[in-house]
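I opened the notebook to go through sheets, helices, loops and empty spaces in turn. Entries follow in the order I looked things up.

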Amino acid sequence: MILPKFEYKKAKSVAEAVAFYHDHKGRARYLAGGTDLIPLIKLRLSTPTAVIDLKDIEELKAVSRNNDGWLTVGANVTLFNLKNNPVVREYFPALYESLDATSCETLQMRGTIGGNILQDTRCLLYNQSLEWRKARGFCYKMGGVACNVVPNAKACFSNYCSDNAPSLITLSAQVKLVGPRGERTIELEKIFSGDGRSPFEVEPGEILTEILVPLKKTKGAYEKLRVRDSMDYPLAGVAVSAKGAAARACVGGIGLAPRLYDLKNINEITIKEAADRIYADVKPVSNTVLSAIYRKKMAGVLLKKAIKRVLQEGWK
């Protein structure tokens, strides 16, 4: 598909990018790797008057270990470079595995960690061409009166499909946002709005500039349900990070935001309880290529598989 016309701006600093955004009165979009934004623009799911390129902002490309015990990751660090960072491999195996499971290496070299976190939610009846959507009728996320998957529902049931946000949440990651009203840092799990039409609590013009991860060694794993190993978004994904006898598990790929679970003491009972809670909590609908009930059942299965690998024991 051919891109529509828009103005192209190349920012040299975060401040300049925010100023460009202000000039276009909220009708601009920020461009990092482009692996999510460009397909959305081609499908006319996003129609900005301007695209502001962030790739030349050097401060967004750095990975550094801070003296106060944090790993700081610039939002424009590519998934491939982050995956091959020795600190990530040594300290954060769940994050490493989620990066490795994201699409293929060609797209990992293009996509950025910030873009992967802030990717739009997806639905089989939403991520289609404009012609297809006009023929079917616009859904609630597109401004229609109801969801096209759940009859008469005045809500959106699209799926948030980042591989990496769940693993970062299990690591207690925070994100730094800079915008017209200044700078703020919040826990990653608090960035989600729960509204599929606008899935993030990000103010107009804000740029995700850094991801901050506590620099503590963990054991971890990431399990992903998908049809094609090389490219697919997760149809369900579970990240687990453990320190000592405690672990944090996070389920993604089903619903509008990742779900976090704390396991205070990992044993057969707590693993089963967590799997049962996940089964009760996740409520997939028929908006992917796999059935809703299969994805629901698999979420708990993926949790058990991830924890089994973390413990390297045969939990059932």
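Two strands count as paired here if DSSP finds at least two bridges between them. The model I am reading is a predicted one.

**Entry 1: the antiparallel sheet.** I began with strand order. I find 5 strands in an open sheet, ordered S4-S5-S8-S6-S7, with antiparallel pairing. The edges are strand S4 (63–65) and strand S7 (182–187), each of which pairs on one side only. I looked up the turn between neighbouring strands of this sheet: it averages 20°, direction ignored.

I then took one pair inside the sheet. Strand S6 (residues 174–179) and strand S8 (residues 207–214) run antiparallel and share 5 bridges. Val178 has Ile207 in S8 as its bridge partner. I also checked what lies across this pair. Helix H1 (residues 14–23) lies across S6 and S8, at about 140° to S8.

**Entry 2: the parallel pairings of S3.** Next I turned to S3. Strand S1 (residues 7–10) pairs with S3 in the parallel sense, over 4 bridges. Glu7 stands opposite Ala50 of S3. Strand S2 (residues 28–31) also pairs with S3 in the parallel sense, over 4 bridges. Here I note Tyr30 opposite Ile52 of S3.

Which way do the residues of strand S3 (residues 50–53) point? Ala50 and Ile52 point one way, Val51 and Asp53 the other. All four are buried, Asp53 included. I set this beside the general rule: side chains in a regular strand alternate between the two faces of the sheet.

**Entry 3: helix H5.** How many of the 8 residues of H5 are buried? I get 6, so H5 is largely enclosed by the rest of the structure. The buried ones are Pro93, Ala94, Leu95, Tyr96, Ser98 and Leu99.

**Entry 4: positive phi outside glycine.** Two loop residues caught my eye. Ser103 is not a glycine, yet its phi is positive, about 50°. Ser103 sits in the loop between helix H5 (93–100) and helix H6 (105–108). Is Ser103 buried or exposed? Its relative accessibility is 16%, and the cut-off for buried is under 20%, so Ser103 counts as buried.

Asn152 has a positive phi too, near 70°. Asn152 belongs to the loop between helix H8 (130–136) and helix H9 (164–170). Asn152 counts as exposed because its relative accessibility is 69%, where exposed means over 50%.

**Entry 5: cavities.** I searched for enclosed space and found 2 cavities of 30 Å³ or more. The largest has a volume of about 90 Å³. It has 14 lining residues, and those closest to its centre are Cys123, Cys139, Cys147, Cys156 and Phe157. By class, I get 10 nonpolar, 3 polar and 1 charged residue in this lining.

The second largest cavity holds about 50 Å³. Its lining consists of Phe92, Thr170, Leu171, Ser172, Pro214, Lys216, Thr218 and Lys243. I class these as 3 nonpolar, 3 polar and 2 charged.

**Entry 6: a pocket.** Last, I looked at the second largest pocket, which has about 200 Å³ of space. It is lined by 14 residues, with Phe157, Gly255, Leu256, Arg259 and Lys283 closest to the centre. The classes in this lining are 9 nonpolar, 2 polar and 3 charged. I note Phe157 twice: it is among the residues closest to the centre of this pocket, and also among those closest to the centre of the largest cavity.

Note on methods. Residues are numbered from 1 along each chain as its sequence is written. This is a predicted model: local features need pLDDT of at least 70, side-chain atom pairs count only at pLDDT 80 or more; totals for chains, interfaces and linings use all residues. Side-chain values use heavy atoms; hydrogens and water are left out. On a 1 Å grid over the protein atoms alone, a cavity is a set of points where a 1.4 Å probe fits but cannot get out, and a pocket is an open set with protein on both sides within 12 Å along at least five of seven lines; lining residues have an atom within 4 Å of a point. Grid points are joined across faces, edges and corners, and a volume is the space filled by probe spheres set on the points. Ala, Val, Leu, Ile, Met, Phe, Trp, Tyr, Cys and Pro count as nonpolar, Asp, Glu, Lys and Arg as charged, and the others, Gly among them, as polar. Buried means under 20% relative accessible area, exposed over 50%, partly exposed in between (1.4 Å probe, protein chains only). Axes are lines fitted to C-alpha atoms, for helices over the stretch in contact, and angles run from 0 to 180 degrees between N-to-C directions. Contact means heavy atoms within 4.5 Å.
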